[in-house]
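Here's a quick briefing to read with the model open beside you. Take the topics one by one and find each spot as you go.

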2 protein chains.
Amino acid sequence: MTRIAAVQFEPQFGEPDQNLNSSLRLLGEAANRGCEVAVLPELCISGYMFRDRQEAVALSSTLEESSACRSWARLAQDSGLTIVGGLTERSGGALYNSAVIVDASGIRGVYRKLHLWDRENVIFDRGDLGVPVFDTAVGRICALICYDGWFPETYRLGALAGADLVCIPTNWVPIPGQVAGMPAMATYLVMAMAHVNGLSAVAANRTGVERGQPFVGQSLIVNYTGWPVAGPASDSEPELLIADVDFAAGKASRQWNEFNHPLRDRRDDAYTLTTGLEQRA
Amino acid sequence: MTRIAAVQFEPQFGEPDQNLNSSLRLLGEAANRGCEVAVLPELCISGYMFRDRQEAVALSSTLEESSACRSWARLAQDSGLTIVGGLTERSGGALYNSAVIVDASGIRGVYRKLHLWDRENVIFDRGDLGVPVFDTAVGRICALICYDGWFPETYRLGALAGADLVCIPTNWVPIPGQVAGMPAMATYLVMAMAHVNGLSAVAANRTGVERGQPFVGQSLIVNYTGWPVAGPASDSEPELLIADVDFAAGKASRQWNEFNHPLRDRRDDAYTLTTGLEQRA
């Protein structure tokens with residue numbers, strides 16, 4: 001069993017020191033409660049609602065110079081915690097909406113958001129690293145960020161590359177069509193994608209309103225069945241979600257029965273575009 | 001707006017005439033209530049729990065010889081209804097778990113299940129037609145059958161080929177991990193896949209217990225938001241679900257905002273397998 005935390009909190013725009021301190025306090029609490037992996041929200045050091053690229057660049061740093069990465073690595077060394085957190089990454093002339101994976105060895109890996117949402121398209125560069133899977137002390141981890149989760153391709157790539165756990169720093173916002181009183185559609189996406197891949201997943205969303213943009217909380221941890229083992233959390237209040245997940249059972253569970261396995265049953269030979277017009281013309 | 005029906009009923013094993021009559025009665029009711037498209041369950045003429053391939057062959061026919069196809073086509077001519085129904089299709093020496101699309105012009109198309117579940121693997125041949133999309137009087141339709149829905153690739157192919165509606169004849173059964181008192185995970189999969197593709201979908205499941213195998217009903221119709229507009233239906237009783245869906249609004253809805261469109265935002269360039277070991281070695 002691996003104990004996992006989703007750290008739902010409310011970063012303050014343009015207050016990196018304060019946000020880093022908030023993250024360290026909550027990560028410390030997760031470590032004290034026996035967690036081995038903890039996930040923080042998207043862009044949780046800078047905040048999210050940049051006016052333009054220039055403002056985002058001013059709140060970014062390279063991974064090497066990032067005080068957040070340094071502090072998280074120190075906490076990882078002290079506690080054994082593996083941390084997945086969202087931040088603005090500068091790299092040469094590029095700017096990425098990234099998730100770093102930090103463990104006792106330091107920065108273990110980075111994921112750069114592939115699918116940019118709305119005005120992120122005029123602020124960030126599109127991710128250029130695919131969906132890498134990292135071997136960590138606790139297992140094989142990949143990261144996705146927010147709108148990436150609308151692309152089933154991403155979870156599938158993580159599963160096919162052997163991931164045990166998908167970590168999702170996110171800044172989910174309200175979207176049209178949401179049915180009032182029901183969990184956010186985003187939470188169903190996590191459940192569905194975990195289920196069809198036999199993958200565990202943890203999504204850490206933020207709360208609060210930033211420059212007029214509300215966020216919807218509802219962080220959750222699901223196991224390989226797709227069902228939540230913790231959350232969805234509050235839609236408005238910070239919350240530390242903790243649950244135990246069994247990675248080995250997850251991989252074993254993929255043998256649904258004598259014949260079926262969700263990854264081996266894929267029909268790559270048949271996944272080509274065809275239309276009825278061609279077929280019965 | 002297009003009025004759609006999911007015909008949830010309880011086929012009797014090995015009673016094709018009785019099952020066809022049941023389907024015609026319910027399709028007639030759907031037509032009388034103004035429906036333009038109606039979906040029937042998987043293998044709804046023969047039943048599902050074949051002992052072996054030989055028994056399935058005995059209950060199969062070619063599409064040309066199928067009395068079900070003939071009767072559905074007659075009803076389509078009389079009513080204008082487009083019908084999507086699951087049946088055992090023999091073709092040369094092959095046997096498929098198929099869905100036929102029948103309209104006033106006759107058999108408009110056929111889909112052959114790509115992903116066979118459990119003992120279907122010793123009974124049927126695997127589908128060989130990809131995910132075709134058919135132009136019908138009411139719009140562009142594709143079909144998927146039951147376990148196909150565990151493969152997000154299938155919905156994506158339908159969406160990319162221009163489908164307005166995914167029709168899903170199914171025989172959903174209880175699966176491990178299901179949380180008691182919650183809708184079947186299968187219903188969340190339909191919601192999630194419709195949502196991420198901006199596609200409407202209708203799943204028609206059967207009810208009852210056949211040779212010891214229970215089925216879970218819960219047919220549903222979802223629009224392009226992913227939220228149900230009808231259902232989930234009863235988990236045990238026959239039910240005719242009807243709802244209106246706006247295909248044009250569905251396609252327009254895909255322009256989420258100035259920058260985003262779920263099909264155009266795909267990162268084919270990035271959907272290759274990479275691992276962190278390669279990246280940071």
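Buried area is the accessible area (1.4 Å probe) that two parts lose on being put together, summed over both. By that yardstick, chain B and chain A bury about 5900 Å² between them, with 65% of it on carbon and sulfur atoms. Keep in mind that this is a predicted model, where local features need pLDDT of at least 70, side-chain atom pairs count only at pLDDT 80 or more, and totals for chains, interfaces and linings use all residues. Residues are numbered from 1 along each chain as its sequence is written, chains are lettered from A and ligands numbered from 1 in the order in which they are written, and side-chain values use heavy atoms, leaving out hydrogens and water.

**How the two chains fit together**
- A turn of 180 degrees and a shift of 0.0 Å along the axis lay chain B on chain A with an RMSD of 0.0 Å (a least-squares fit on the C-alpha atoms of residues with pLDDT of at least 70 in both).
- That is the relation of a two-fold axis.
- Contact means heavy atoms within 4.5 Å, and it takes in 67 residues from chain B and 68 residues from chain A.
- The copies meet through the same surface, because 100% of the interface residues of chain B are also interface residues in chain A.

**Salt bridges**
- A salt bridge is a side-chain nitrogen of Lys or Arg within 4 Å of a carboxyl oxygen of Asp or Glu; the whole structure has 34 of them over all chains.
- Between chain B and chain A the count is four.
- A:E153 pairs up with B:R266, with the closest N and O atoms 2.7 Å apart.
- Inside chain A, A:E55 and A:R211 form a salt bridge at 2.8 Å, N to O.
- That pair links distant parts of the chain, 156 residues apart: A:E55 sits in helix α2 (residues 53-58), and A:R211 in the loop between β10 (209-210) and β11 (213-214).
- Helices (H or I, at least four residues) and strands (E, at least two) are DSSP runs, numbered from the N terminus.

**Backbone oddities**
- Most residues other than glycine have a negative phi, and most peptide bonds are trans.
- The bond from A:G231 to A:P232 is cis, with omega near 0 degrees, and A:P232 is in the loop between β13 (228-230) and β14 (239-245) of chain A.
- In chain B, a cis peptide bond joins B:G231 and B:P232, with omega about 0 degrees.
- B:R211 isn't a glycine, yet its phi is positive, near 50 degrees; look for B:R211 in the loop between β10 (209-210) and β11 (213-214) of chain B.
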